[in-house]
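Me: I should like a close look at one part of this model, set in the context of the chain around it. Please keep the account connected and formal.

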Amino acid sequence: SLAIGGLLLTLLFFGLYVGVIRLLRLLERPPLRRIVVVLLALWALPLVYVVRDAPPLRDGVTWDSLPVPAKDAEESYACLRQVIDPGTLPISEPSAFWCDAETNPLARAEDIERAWAAVQPSWADLVRLNTFESIADLTRLPSPFAPEAFPLIQYHDWSHLVVLSCAYASVKSSHGRPEEAAQMLGTLHSVICKTLPYTRTLILKMYLLSSDGWIITTAHDVATNATCTEEARRVLLDAFPPLSREEVLLQTVLTVQWLEARATLEEHVPRVGLLKALKADVMPYDYELFMRCPPPPDEAWEHGLSRLLTFLVYHPNRTVREVSEYYGLAINGAGKQPPDMSGAEAWGQRPAQRPLRNSGGWFLSMAQTPIYSKAVASACRIKVRSDLLAMELARLNGKELELPDYFTGGKFLVDEATGELYSAGPDKLSGKVEYLDTYMGF
């Protein structure tokens, strides 16, 4: 549609040029002068409609509008980076970390204890991080095309520390020291809960939620272990209240995604006005941005034509507004209970309704609007498992707590064979279940 739209617009522009020449000749006849002026205006209206851009967007969303803790934001963020950044974990035996659901940590107890001794500096940093009331994430990437904007942000060390801590807690619990295990798991969960409301990047948000899923499962194992004491269960009950909606919502993350998409469109996609489109000696944006050198003389006409087509088929302000419309649907949908991303998904799947108007901008807007439904569903599943754990811990402590299923708003379902509670899942049907002891993977 982009190529066809550009060709049709070029023919329209050429036809307008021929028509103007013809009409100028007709203007030499006084009786036809007024008629010719009216016809000329009517002839120009379609082109004006096609090339006219929308006014700039003023939505008031900026980096400064993102949530930040009221106290110790800079200090907590520096401590957070020290804990989660790559290269912070002084361990060379990652195999000792990965004790999955089928692995008995006791069989690896010596390896786990040796690895735990090696990561004591990292654990001390995490304990210090937990002393803050709230933990800020002040991440703000520079220009999307700057070299420093592409760090390899992978929180493998953080994942290793969480899994190792959970494995060590399981060992402690099995060795008759469940209180220490409960306190360790409570510290990990507390750090995550203090960070989640302020997390800005999608990758960190999902790493934190995935880690909390592992911690929740381990806490359930410790609480139901035969060696667990009443004191350990009380510690777990106090340390694992249900996750709040604010902690699992992706509003801040999606807002940051919108800010980065807008910066890409406004700062690094060319804005070609009519004069620039017709000016042959203007350096094209692709050479100017990436090559830093002028185009070869024999290609100058090609770049001049590309500028003209850009002027005809790409409207910068209209493109920004279309991307803003998508992120508005995504942010509103993610904020519902349960989240409903159908509006954002429908926006991304709709066909181009105006192929002759901003067809190039339509193509760019589609590239700037990924679908976040899977991330939203994963966050909701962690919320459900947190609710199930809170109810289970209350029962083990002789208390009553009834929470609604986050997906349906009704009661949790009961497995007739085992008596366990489970969630109906995102499709709200009993066939898609979510148990407390289900290990999560993203």
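How many contacts beyond four places in sequence does the model have for residues 430-442? Please then examine closely the region where helix α6 and helix α8 pack.

Reply: The model is a predicted one, and residues 430-442 have 45 contacts in it beyond four places in sequence, while their pLDDT stays under 50. Confidence over the chain as a whole averages a pLDDT of 77, and 67% of the residues score at least 70. Another stretch with pLDDT below 50 covers residues 280-302, which have 24 contacts in the model beyond near neighbours in sequence.

The chain contains 18 helices and 3 strands. Of its 442 residues, 47% are buried. Among contacts between residues at least 6 apart in sequence, 76% join residues at least 24 apart.

Turning to the requested region, helix α6 spans residues 156-174 and helix α8 spans residues 202-224; their axes lie 10 Å apart, at an angle of about 5°. Because angles under 35 degrees count as roughly parallel, α6 is described as roughly parallel to α8. On the α6 side, the contact is made by His156, Trp158, Ser159, Val162, Val163, Cys166, Ser170 and Ser173. Helix α8 contributes Tyr207, Leu208, Ser211, Trp214, Ile215, Thr218 and Val222. By class, the residues of this contact comprise 9 nonpolar, 6 polar and no charged.

Two participants in this contact, Trp158 of α6 and Ile215 of α8, also appear in the largest nonpolar core, which has 91 residues. Trp158 and Ile215 are among the members that touch the most other members, together with Leu126, Leu129, Leu185, Leu236 and Phe240. The element that gives the most to this core is helix α18 (residues 373-396), with 12 residues.

Leu185 links several of these elements. Leaving aside neighbours within four places in sequence, Leu185 is in contact with Cys166 and Ala169, with Ile215, Thr218, Ala219 and Val222, and with Phe240. Of these partners, Cys166, Ile215, Thr218 and Val222 also take part in the contact of α6 with α8.

A second helix pair involves α7 (residues 178-195) and α9, whose axes come within 8 Å and cross at roughly 5°. Helix α7 is therefore roughly parallel to α9. This contact is made by Pro178, Glu179, Ala182, Gln183, Gly186 and His189 of α7, and by Glu231, Ala232, Val235, Leu236 and Ala239 of α9. The division here is 6 nonpolar, 3 polar and 2 charged. Leu236 is also one of the core members that touch the most others.

Between α8 and α9 (230-239) runs a loop that holds Asn225. Asn225 counts as partly exposed because its relative accessibility is 25%. Not counting residues up to four places away in sequence, Asn225 touches Ser173, Ser174 and Arg233. The C-alpha atoms of Asn225 and Ser173 are 7.7 Å apart, although the two residues are 52 apart in sequence.

Two backbone features elsewhere in the chain complete the account. Most residues other than glycine have a negative phi, and most peptide bonds are trans. Asp72, however, has a positive phi of about 55°; Asp72 is located in the loop between α2 (33-51) and α3 (73-84). Its relative accessible area of 39% makes Asp72 partly exposed. The peptide bond from Gln337 to Pro338 is cis, with omega near -5°, and Pro338 is in the loop between α15 (316-334) and α16 (342-349).

Notes: Residues are numbered from 1 along each chain as its sequence is written. This is a predicted model: local features need pLDDT of at least 70, side-chain atom pairs count only at pLDDT 80 or more; totals for chains, interfaces and linings use all residues. Side-chain values use heavy atoms; hydrogens and water are left out. Axes are lines fitted to C-alpha atoms, for helices over the stretch in contact, and angles run from 0 to 180 degrees between N-to-C directions. Helices (H or I, at least four residues) and strands (E, at least two) are DSSP runs, numbered from the N terminus. Angles under 35 degrees count as roughly parallel, over 145 as roughly antiparallel, 65 to 115 as roughly perpendicular and the rest as oblique. Contact means heavy atoms within 4.5 Å. Ala, Val, Leu, Ile, Met, Phe, Trp, Tyr, Cys and Pro count as nonpolar, Asp, Glu, Lys and Arg as charged, and the others, Gly among them, as polar. pLDDT is the predictor's confidence in each residue, from 0 to 100. A nonpolar core is a set of buried Ala, Val, Leu, Ile, Met, Phe, Trp, Tyr and Cys residues joined through side-chain atoms within 4.5 Å. Buried means under 20% relative accessible area, exposed over 50%, partly exposed in between (1.4 Å probe, protein chains only).
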